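Student: I have a model open and would like to go through its packing with you. Could you start with the contacts of one residue and work outwards from there?

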Amino acid sequence: MSTCSWSLNDVCDADDIKCQNSQISTPGEITYGQCYRHAALRRLLKVSFLTCLKECMKTSTCSNVSYRRDWKMCDINGNINSEVEIVQELGCFSSNISSWSKTLVGKCAKHNCREGYKCALKGDGFTCEIAYCTGRPTVANAELNEPFGLSRDLGHGMKYKCTNRTQMIGTPFAVCRQTGEWKSMFVCGKADCKRRGSFLVKIDDESENQWLQSVMLDNNINITWIGANDIDQEGTWRWIYDKTTVEFTNWSKEEPNNYNGNENCADMAKRRSYKWNDRSCTSLLRYICER
């Protein structure tokens, strides 16, 4: 690993005339052989290093870029903190944006876009538009399964795998939605019911709903999961057991409401007269297995 000033030949491809002829009065510094993971706000593919620098300058909270020249891959990185990994990687280099002149981005040099947004030129000025999700997705009992680490690109998904001997239910991605909010397309659930040769309770009709209510009363259970979810497609509720569509329902008033855009699993509670409610799949509740 080494840190030094650079020449355009170091960072511009031979056929990238725009990069070779760019007017950069003050050269920045580049750290060769080192990149960051889990810091990317945006991950751009098939772009030049010059474009990588410009996009970082336009992106709120961007402080650093990591560039993999062979891949023409640009990571626009946010603030470096304890969650970020520094890795030694051949062919990768990084640079702090503070060492470059912001004149590269014209009017966007003075943008004040808030977190999650980027500057875009508009007429004689600029505007701020959503560009990435903030924070990390809420994915209990799961870990990221991406070779270059987390990125938060608008409209893109990050692949995960379940840990702690939990079972994947749904599609293994957390997606940054166009609203700038994360949506987990899966849940890593305890496989206890499956190990017992049973499944999380499925309710086909009113009689089964009454049966579950009696089980809760007999065992002093105030709230429990039921095996319904709409993880795969918002508003389409299916049973975990056999993926069939939920036909009989017993929702509480104004439910399901997908509060905060992240309620994809169903529960049944005494305080709601044993009616159903949607909630975040990461909540810790008791559960009932059915054979």
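Tutor: Setting aside residues up to four places away in sequence, Cys74 touches Arg42, Arg43, Leu44, Val47, Cys52, Ser66 and Tyr67. Please keep in mind throughout that this is a predicted model.

Student: Which residues have the most contacts inside the largest nonpolar core?

Tutor: Those are Phe49, Cys74 and Trp100, in a core that has 26 residues. Two or more residues each are given to this core by β3 (40–45), α3, β4 (64–68), β5 (73–77) and β7 (117–122), and the largest share, 6 residues, comes from α3.

Student: Why is α3 described as largely enclosed by the rest of the structure?

Tutor: Because 8 of the 10 residues of this helix, which spans residues 49–58, are buried. The buried ones are Phe49, Leu50, Cys52, Leu53, Lys54, Glu55, Cys56 and Met57, so the list includes Lys54 and Glu55, which count as charged.

Student: And what lies apart from that core?

Tutor: There is another core, of 18 residues, and among them are Ile203, Met216, Ile221 and Trp251.

Student: Changing topic, is Arg279 buried or exposed?

Tutor: Arg279, which lies in strand β17 (residues 275–279), has a relative accessible area of 18% and is therefore buried, the cut-off being under 20%. Its side chain makes a polar contact with the side chain of Asp267, at 2.5 Å.

Student: What else is Arg279 in contact with?

Tutor: Leaving aside neighbours within four places in sequence, Arg279 is in contact with Ile223, Trp225, Asn262, Glu263, Asn264, Cys265, Asp267, Arg271 and Leu285. As for its separation from Leu90, the two residues are 189 residues apart in sequence and 45 Å apart in space, taken from C-alpha to C-alpha.

Student: What about Glu89, buried or exposed?

Tutor: Glu89 counts as buried, at 15% relative accessibility, and its place is in strand β6 (residues 85–96). Not counting residues up to four places away in sequence, Glu89 touches Gly33, Gln34, Cys35, Arg37, Arg68 and Phe148.

Student: Where is the cis peptide bond that involves Pro256?

Tutor: The bond runs from Glu255 to Pro256, with omega near -5 degrees, and Pro256 is found in the loop between β15 (238–239) and β16 (265–269).

Student: Which backbone angles should I check in that loop between β15 and β16?

Tutor: Glu254 lies in that loop, and its phi is near 65 degrees, a positive value in a residue other than glycine. Asn260 is found in the loop between β15 and β16 as well, and although it is not a glycine, it has a positive phi of about 65 degrees. Glu254 is exposed, with a relative accessible area of 66%, and Asn260 is exposed, with a value of 58%.

Student: On to empty space: how much lies in the largest cavity, and what lines it?

Tutor: The largest cavity holds about 100 Å³ of space and is lined by 13 residues, of which Thr138, Ser184, Phe186, Cys281 and Thr282 lie nearest its centre. By class, that lining has 7 nonpolar, 6 polar and no charged residues. There are 3 cavities of 30 Å³ or more.

Student: And the second largest pocket, what lines that?

Tutor: About 190 Å³ of space lies in the second largest pocket, and of the 16 residues that line it, Leu41, Gly78, Asn79, Asn81 and Arg152 lie nearest its centre. The lining of this pocket divides into 5 nonpolar, 7 polar and 4 charged residues.

How values were computed. Residues are numbered from 1 along each chain as its sequence is written. This is a predicted model: local features need pLDDT of at least 70, side-chain atom pairs count only at pLDDT 80 or more; totals for chains, interfaces and linings use all residues. Side-chain values use heavy atoms; hydrogens and water are left out. Buried means under 20% relative accessible area, exposed over 50%, partly exposed in between (1.4 Å probe, protein chains only). Helices (H or I, at least four residues) and strands (E, at least two) are DSSP runs, numbered from the N terminus. On a 1 Å grid over the protein atoms alone, a cavity is a set of points where a 1.4 Å probe fits but cannot get out, and a pocket is an open set with protein on both sides within 12 Å along at least five of seven lines; lining residues have an atom within 4 Å of a point. Grid points are joined across faces, edges and corners, and a volume is the space filled by probe spheres set on the points. A nonpolar core is a set of buried Ala, Val, Leu, Ile, Met, Phe, Trp, Tyr and Cys residues joined through side-chain atoms within 4.5 Å. Contact means heavy atoms within 4.5 Å. A polar contact is a pair of N or O atoms within 3.5 Å; within protein, one must be able to donate a hydrogen and the other to accept it, and residues adjacent in sequence count only if both atoms are side-chain atoms.
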